[in-house]
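Here are some worked exercises for reading a protein model step by step. Try each task by yourself, then follow the solution.

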Amino acid sequence: MAGPGLGSGQDLWIISIALFCIASLLGALNFITTVLNMRAKGMSLMKMPLTVWTWFTTAILALLSFPVLLAAGILLLLDRLGGTSFFIPAGLVVSDTVIESSGGSPILWQHLFWFFGHPEVYIAILPGMGVASQLLSTFARKPIFGYHAMVVAVFAIGMLGFFVWGHHMFVSGLSPFSALVFSILTLAIGVPSAIKTFNWLGTLWGGKIRFTTAMLFAIGFVSLFVSGGITGLFLGQTSVDVQLHDTYFPVAHFHMIMGVAAIFGIFGATYYWFPKMFGRMLHEGLGKLHFWLTFIGVNAIFIPMHLMGIMGQLRRYAESTEFKFMEPLQPYQEFVTIAAFVTAAAQLLFLVNFCWGMFKGKKATENPWEATTLEWITASPPPHDNFGGRELVVNHAAYEYGVPGAPRDYVMQTDPPLESAK
Amino acid sequence: MADARVENTGLQVWGGGTLPYSVSHIKLGMWLFIVSDALTFSALLFGYSYVRIATPDWPTPFHFWPTVVFATLMTAVLLSSSLTMVLAVNAAQRGDRKWTIRWILWTAFFGAAFIVLHGIEWMGLINQGMTLTGNPWGSPLFGATFFGITGMHMFHVFTGVVYLLAIAGGVARKRFHSEHVEVCGLYWHFVDLVWMFVFPLVYLLSVDMGA
């Protein structure tokens, strides 16, 4: 129904996205119910690790945003299979063919898609924020700076994320007044984001930092969150966005923050929880090499890409030498391409480390990182039923490192209450 | 010190072994599902409003007879099913298994009746030439939104009838208790509530008021 050459593969793809919406909905309501109703004894909400808080917020976002994508998907399927034209404008020409249509609106699709699409980017990045918080606190041997502020900031980012979808549509013919409102709300997200960043820095300040691979990825996450987030402030302003729209600038911004920062969160989490998952440690030396190659690599890809965007390099063009003004940017293209291949090749180190670690890695103890949260009191890997039938009682907040009067430099959540607190 | 007090309060709440919000897992899960499903319908109704406003030749072909009368009858059937659902939950909470099953079956009957009436109405409109892709009165999107939205709602009613029958069977075999009936009732009332939005937006706003 759309262009020629787009057959049943597209339909199957939309159906799979619809199934994905339903699966996300079920996963999200399971997660929210579990967090609210089934915590360990003594685990009040404000004692939860920030990883759980971020996943909880992520689940709320998924619960509220995926159903809208589902509705959009149903309408799109009707367009493709039922012969309707919700999203196809009258007189649309694709590949010299006039598409039969009764006059729908592609803008409607943009509204429905981006109402899902913007919360979706927070669905991708919030768990990474939780992981970064957990790792920075553990390896700086300090409580997370401003735990309550972190929780509020995560919620604020999540909720504001529902009111900013219009900033993807500044050049779609949005009225300037709506654009202004969307722009202000978008920039407002900078406030909780800055709170989080300063709290991460405050956590590192004066800490006894242990530079494990997992910690490096957590610090890398913060670095990428800052450089990716700053460029978001450019794009959030209508007047600047009109200039930068559809150039490499938003491509670089998006991939720096939602692509690479989120992946750094995943890598950090993998290096951190691998011992718990498989009972063996990953190789630290190989891990650090992986980190440095990846960190330098992604900056080598995306910093030049930002510059290319400012210089006018358009996105979605297969052949950029067709246009005179893009010709001088060819060396940048080549540099970015080589950097991308090298960075991708560096991921083989991770693959090798992962496979090697699963079978040959050093045996892990219960709590190799001297961390405080519940998963570290059980064996690595955990037995059936996670805690082997033990009923846990939580007495402490999530990140009690360096507590005066404690026997060790960390107090696990299940440790008995300290004498000094009584 | 403030922190220590907060921690103690948390422990006391838990010490009693009650759930923090006093809502069971399945009920909380159903409420969350309803929130999510409500957004799906909201998106569909938003899409309907959007294309309606954006389309100049949007038709208003319905008349008081037969469409509005018929749709009102369907609304009455659906409201009756909500009443019988309340009675079923009430019976379940009293522990009256016989009447629980009876009222659930009445609810399922009204649900099925709604689907049959809806089907008759659909056939009538199709016979007048209204389809997903066209109608004799104006913008083809009129039929597309009508069948899309009412079809989605009818699918929910159908799912609800299957759900009701499964619950009735479970109650008969003593596998389900009153909580399951109540949660099923939440879903059923939600589906009715959606109709209370569909009825004015899709039917009443499409009535020909005369030139």
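**Exercise 1. Find what share of the residues of chain B is buried, and describe the helices and strands of this chain.**

Step 1. Of the 211 residues in chain B, 34% count as buried. A residue is buried if 20 or more other C-beta atoms lie within 10 Å of its own, exposed if 12 or fewer, and partly exposed in between, with C-beta atoms placed from the backbone.

Step 2. Chain B has six helices and zero strands, and its pattern along the sequence is α-α-α-α-α-α. Helices (H or I, at least four residues) and strands (E, at least two) are DSSP runs, numbered from the N terminus.

Before going on, note that this is a predicted model: local features need pLDDT of at least 70, side-chain atom pairs count only at pLDDT 80 or more, and totals for chains, interfaces and linings use all residues. Residues are numbered from 1 along each chain as its sequence is written, while chains are lettered from A and ligands numbered from 1 in the order in which they are written.

**Exercise 2. Describe the side of chain B that touches chain A.**

Step 1. Count the residues: chain B gives 33 residues to the contact and chain A gives 32 residues. Two residues are in contact if their C-beta atoms, placed from the backbone, lie within 7 Å.

Step 2. Name the elements: α1 (2–15), α2 (25–54) and α5 (141–172) of chain B each give two or more residues to this side. The largest share, 16 residues, comes from α2(B).

Step 3. Sort by class: this side of chain B has 22 nonpolar residues, ten polar and one charged. Ala, Val, Leu, Ile, Met, Phe, Trp, Tyr, Cys and Pro count as nonpolar, Asp, Glu, Lys and Arg as charged, and the others, Gly among them, as polar.

**Exercise 3. Work out how α3(A) and α4(A) are arranged and which residues make their contact.**

Step 1. The axes of helix α3 (residues 106–140) of chain A and α4(A) come within 11 Å and cross at roughly 170°. Axes are lines fitted to C-alpha atoms, for helices over the stretch in contact, and angles run from 0 to 180 degrees between N-to-C directions.

Step 2. This angle makes α3(A) roughly antiparallel to α4(A). Angles under 35 degrees count as roughly parallel, over 145 as roughly antiparallel, 65 to 115 as roughly perpendicular and the rest as oblique.

Step 3. On α3(A), the contact is made by Tyr122(A), Leu126(A), Met129(A) and Ser133(A); on α4(A), by Met150(A), Val154(A), Ile157(A) and Gly158(A). By class, that contact has six nonpolar, two polar and no charged residues.

**Exercise 4. Is His167(A) buried or exposed?**

Step 1. Locate His167(A) in the loop between α4 (147–160) and α5 (176–188) of chain A.

Step 2. His167(A) is buried because 22 other C-beta atoms lie within 10 Å.

Step 3. Leaving aside neighbours within four places in sequence, His167(A) is in contact with Phe182(A), Ser183(A), Thr186(A) and Gly236(A).

**Exercise 5. Which residue does the cis peptide bond from Trp65(B) lead to, and where is Lys174(B) found?**

Step 1. The cis bond runs from Trp65(B) to Pro66(B), with omega near 5°. Pro66(B) is found in helix α3 (residues 64–94) of chain B.

Step 2. Lys174(B) lies in the loop between α5 and α6 (178–203) of chain B. Although Lys174(B) is not a glycine, its phi is positive, about 60°.

Step 3. Lys174(B) counts as exposed, because it has 8 C-beta neighbours inside 10 Å.
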